[in-house]
Amino acid sequence: MLNYFPKYFTDKAMYVYFALLVLVPIIFGYPMEWYFWIFGIVEVVGFFYFAHQLPIAWQNYSPKAFVKKIFTTALIIRIVYVVFSYWFYAEMTGIPFEFGAADVMFYNKMGEYGHKLLSNGEWNLLEKFEAYAKLELSDSGYPIYLSFIYWIFDDSILITRIIKCFWSAWTCVLVYKLASRNFAESVGRMAAIFCMLMPNFIYYCGIHLKETEMIFLIVLFAERADYAMRAKQLDWKALIIALVAAALLFLFRTALAAVAMIALAVTLMLSSKKVLSLGKKIAIGTFVLLAMFATVGNQLMQEAEELFAKSGDNQITSMQWRATRKGGNELAKYAGAAVFAPMIFTIPFPTLVNTDSQENQRMIHGGNYVKNITSALTIFALFSLLFSGDWRKHVLILAIGCGYLIVIALSAFAHSERFHLPALPFALMLAAYGVSILSNKQKKWYNYWLILIFVANIAWAWFKLKGRGLA
């Protein structure tokens with residue numbers, strides 16, 4: 001079993017990226033601004049170079065020392081980026097928010113409003129938000145969270161983002177614990193390093209969106225639920241923490257909360273008896289059902305059912321809007337679940353050309369390329385677990401990661417990069433496991449994948465330009 005990401009794979013991934021970076025503007029024109037080239041190079045080289053080096057350099061650390069190292073390093077990387085991006089956005093847009101900020105400005109406004117309410121002794125934020133901005137319960141979590149952060153730190157944007165760095169660094173630790181428990185210590189370390197280096201996770205620490213907090217909550221849910229189930233004696237404290245995390249997710253994104261609870265139910269039904277005894281299954285199932293019905297069970301099921309029922313229509317409507325809006329892509333109307341589903345572990349493809357109003361996509365294009373490559377290892381791990389029958393030992397990880405991506409594939413956000421993020425920690429755990437079981441005979445399949453990704457990215461650049469009448 002490999003305990004590091006071989007240089008053979010990381011170097012080739014970087015070579016293909018540089019080939020795309022040079023050839024796409026030569027073939028199509030419309031080159032990205034030079035600073036987005038720099039972002040992409042740092043993202044891709046930073047990930048693949050250190051994904052090879054660090055598992056080797058840190059292999060002799062004790063588990064306790066590794067946890068400290070991964071948390072501290074992840075935190076430093078994120079804080080450095082947050083400070084830099086704060087300055088970068090202020091220079092580029094005139095405000096410390098990303099290009100074309102829309103949802104972010106709304107959240108910022110709600111946080112400031114909530115701060116004023118709390119300062120006046122008004123604690124009924126949900127009622128006030130519902131009257132002020134028509135916010136429903138399932139949309140209220142992040143504005144309420146921001147309100148308290150703004151109240152404590154006097155509307156400080158920078159401190160709010162630094163706090164995100166702590167959540168994201170802690171997520172890396174949780175990934176290490178969860179992956180180590182499910183697979184092996186070396187796999188857990190690789191998975192944690194992948195998450196620490198993943199450009200998309202770093203990028204969202206510098207933005208006032210709720211993705212960082214949601215990623216933390218879903219990984220916390222999975223890690224604590226897994227711990228509770230695998231412990232020799234059922235750990236009720238860990239299970240309660242997991243359910244609290246799931247309940248909080250309900251205040252951030254209904255679909256993700258529903259997937260978490262469904263994944264837990266699937267785990268209880270399908271897990272191997274070697275992992276989860278019948279007695280534990282009955283005890284956990286009974287406790288979870290009682291807890292749900294006593295709290296948000298009915299409303300959760302109603303909203304989840306409505307969400308899934310509307311998913312197909314919402315996707316069609318969204319694709320038509322993307323095709324007809326100003327600056328949109330007229331070819332988007334041909335996309336749908338039949339197109340997205342086969343590629344759901346790999347998309348979105350990076351934006352390597354200069355298209356209007358897509359500065360944010362160009363800024364994170366390197367991170368999307370990294371996902372394009374690591375998805376090969378994720379898919380390889382899935383097939384290996386399926387054919388070996390070992391999938392029953394890891395049902396929770398598989399149910400959350402795959403279940404959420406199925407929901408996204410059927411939604412209006414199938415190619416929206418940030419909506420994929422809650423599944424990404426689980427995909428990276430599987431990718432680390434995929435690395436660990438690779439053999440020399442399987443190298444050729446990785447080479448074929450690189451060719452496929454190279455062609456797909458060329459085609460994607462054409463698609464983006466052709467749909468806008470630029471090619």
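This is a short talk on one protein chain, taken from a predicted model.

I will start with the overall picture. The protein chain contains 21 helices and zero strands. The chain runs to 471 residues, and 56% of these count as buried. Now the contacts. If we take pairs of residues at least 6 apart in sequence, 78% of the contacts join residues at least 24 apart. As for the surface, the protein chain exposes about 20,400 Å². Carbon and sulfur atoms supply 65% of that area.

Next, the charged pairs. Side chains of opposite charge can pair when their charged atoms come close. In this model the count comes to 13 salt bridges. I will go through three of them.

Begin at helix 1, which covers residues 7-28. Here lysine 7 and aspartate 11 meet through their side chains in a salt bridge, at 2.7 Å from N to O. Why are these two residues separated by about one helical turn? Because lysine 7 and aspartate 11 sit four residues apart in helix 1. The partners also differ in burial class. Lysine 7 has 44% relative accessibility, so it counts as partly exposed. Aspartate 11 is buried, with a relative accessible area of 16%, and the cut-off for buried is under 20%.

The second pair is arginine 181 with aspartate 226. Their closest N and O atoms are 2.9 Å apart, and they form a salt bridge. Arginine 181 belongs to helix 7, residues 157-182, and aspartate 226 to helix 10, residues 211-230, so this pair ties together parts that are 45 residues apart in sequence. Is each partner buried or partly exposed? Arginine 181 is partly exposed, with a relative accessible area of 25%. Aspartate 226, at 4% relative accessibility, counts as buried.

The third pair is arginine 224 with glutamate 223. This is again a salt bridge, with the closest N and O atoms 2.7 Å apart. Arginine 224 and glutamate 223 are both buried. The second and third pairs belong to a wider arrangement: a network of salt bridges links Arg181, Glu223, Arg224, Asp226 and Arg230.

While we are on buried polar residues, look at asparagine 200. Asparagine 200 is in helix 9, residues 199-203. Its relative accessibility is 3%, so asparagine 200 counts as buried. Which residues does asparagine 200 touch, leaving out those up to four places away in sequence? They are Ile364, Gly367, Asn368, Glu417, Leu421 and Leu424.

Now to the surface patches. There is a negative patch on the surface, formed by Glu127, Glu130, Glu136 and Asp139. Of these residues, I will pick out aspartate 139. You will find aspartate 139 in the loop between helix 5, residues 125-133, and helix 6, residues 141-153. With 35% relative accessibility, aspartate 139 counts as partly exposed.

There is also a nonpolar patch on the surface. Its members are Trp123, Trp151, Ile152, Phe153 and Ile159, and together they have about 490 Å² of accessible area. Which helix gives the largest share of the nonpolar patch? Helix 6 does, with three residues. One residue in helix 6 is phenylalanine 153. Phenylalanine 153 is partly exposed, with a relative accessible area of 34%.

Last, the backbone. Three places are worth a look on the screen.

One is the peptide bond from isoleucine 347 to proline 348, which is cis, with omega near 5°. Proline 348 is in the loop between helix 15, residues 337-340, and helix 16, residues 359-363.

Another is tyrosine 30. Tyrosine 30 is not a glycine, yet it has a positive phi of about 55°. Tyrosine 30 falls in the loop between helix 1 and helix 2, the latter being residues 34-57. The relative accessible area of tyrosine 30 is 34%, which makes it partly exposed.

Then there is aspartate 155. Aspartate 155 also has a positive phi, about 60°, although it is not a glycine. Its place is the loop between helix 6 and helix 7. At 27% relative accessibility, aspartate 155 counts as partly exposed.

To close, two items to keep in view. The chain has 21 helices and zero strands, and five residues, Arg181, Glu223, Arg224, Asp226 and Arg230, are linked in a network of salt bridges. That is the end of the talk.

Technical notes
Residues numbered from 1 in each chain as written. Predicted model: local features only at pLDDT ≥ 70, side-chain atom pairs only at ≥ 80, totals over all residues. Heavy atoms only, no water. Patch = residues over 30% accessible without salt bridge, like charges linked within 9 Å, V, L, I, M, F, W, Y side chains within 5 Å. Areas by Shrake-Rupley, 256 points an atom, 1.4 Å probe, with all protein chains shown as cover. Salt bridge = Lys/Arg side-chain N within 4 Å of Asp/Glu carboxyl O. Lys, Arg positive; Asp, Glu negative; His and termini not counted. Charge placed at Lys NZ, Arg CZ, Asp CG, Glu CD. Buried < 20%, exposed > 50% of the residue type's maximum accessible area, 1.4 Å probe, protein only. Contact = heavy atoms within 4.5 Å.
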